[in-house]
Amino acid sequence: MIKLASINVYDEPLEPCCEAPVTGFFRDGCCNTAEEDLGMHTVCVLLSDAFLAFSKRMGNDLSTPHPELDFPGLKAGDRWCLCAARWLQAYQAGVAPKVYIRSTHKRSLEIIEIKLLKSHAVDLQ
């Protein structure tokens with residue numbers, strides 16, 4: 001598996017998303033991706049209760065720990081590399097989590113318009 005270039009939506013080096021809990025397709029703390037990452041785990045988000053409830057309703061329970069998979073379960077306030085399509089789905093439902101845009105991989109732009117990401121960014125100056 002070959003990582004695609006670690007570039008954010010601004011064509012700058014991708015900043016880390018989260019080490020605790022460790023996130024990313026490669027579990028390297030960054031929203032890096034590869035062709036094999038079919039879910040495109042490329043959007044670094046700040047999780048909210050509303051989004052976690054939405055995700056659970058959509059069949060992806062991110063809150064429940066799964067120690068057998070070394071997954072601690074997530075809570076509001078955690079940062080996480082989210083699938084780009086799920087973020088867009090949550091946006092359309094009115095529950096999109098906030099985005100750390102400098103930690104969001106450029107590949108996200110294949111699915112999400114940059115203006116939508118910017119409208120939810122918490123790390124813009």
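Two strands count as paired here if DSSP finds at least two bridges between them. With that in hand, let's work through this predicted model.

**Exercise 1. Work out which residue in E2 is the bridge partner of Val-43, and how many bridges pair E1 with E2.**

Solution.
Step 1. Begin with the single bridge: Val-43 has Leu-82 in E2 as its bridge partner.
Step 2. Look along the strands for another facing residue: Leu-46 lies opposite Arg-79 in E2.
Step 3. Now take the strands as a whole. E1, residues 41-46, pairs with E2 over five bridges, in the antiparallel sense.

**Exercise 2. Find the order of the strands in the open sheet, and explain why one side of E2 and of E3 is left without a neighbour.**

Solution.
Step 1. Turn to the other pairing of E1: two bridges join E1 to E3, and these strands run antiparallel. Two bridges is just what the pairing cut-off asks for.
Step 2. One residue pair to check is Val-45 and its bridge partner in E3, Val-99.
Step 3. Put the pairings together: the three strands form an open sheet in the order E2-E1-E3, with antiparallel pairing.
Step 4. E2 (79-83) and E3 (98-99) are at the edges and have a single partner strand each, so each has one side with no neighbour in the sheet.
Step 5. Add the helix that packs on the sheet: H2, residues 84-92, touches E1, E2 and E3, and its direction makes about 95° with that of E2.

**Exercise 3. Decide whether H1 and H2 are roughly parallel or roughly perpendicular to each other, and list which residues meet.**

Solution.
Step 1. Take the axes of H1 (residues 49-57) and H2: they come within 11 Å and cross at roughly 110°.
Step 2. Angles of 65 to 115 degrees count as roughly perpendicular, and H1 and H2 are therefore roughly perpendicular to each other.
Step 3. At the contact, H1 brings Phe-51, Phe-54 and Ser-55, which meet Arg-86, Gln-89 and Ala-90 of H2.
Step 4. Sorted by class, this contact has three nonpolar, two polar and one charged residues.

**Exercise 4. Describe the largest pocket: what is its volume, and which element gives the most to its lining?**

Solution.
Step 1. The volume of the largest pocket is about 280 Å³.
Step 2. It is lined by 15 residues, and the closest to its centre are Arg-27, His-41, Leu-62, Phe-71 and Trp-80.
Step 3. Assign the lining to elements: E2 gives the most, with four residues.
Step 4. Finish with chemistry: the lining divides into eight nonpolar, five polar and two charged residues.

Note on methods. Residues numbered from 1 in each chain as written. Predicted model: local features only at pLDDT ≥ 70, side-chain atom pairs only at ≥ 80, totals over all residues. Heavy atoms only, no water. Contact = heavy atoms within 4.5 Å. Axes fitted to C-alpha atoms, helices over the stretch in contact; angles between N-to-C directions. 1 Å grid on protein atoms, 1.4 Å probe; cavity = no way out; pocket = protein on both sides within 12 Å on 5 of 7 lines; lining within 4 Å. Points joined across faces, edges and corners; volume = space filled by probe spheres on them. Nonpolar A, V, L, I, M, F, W, Y, C, P; charged D, E, K, R; others polar. Parallel < 35°, antiparallel > 145°, perpendicular 65-115°, else oblique.
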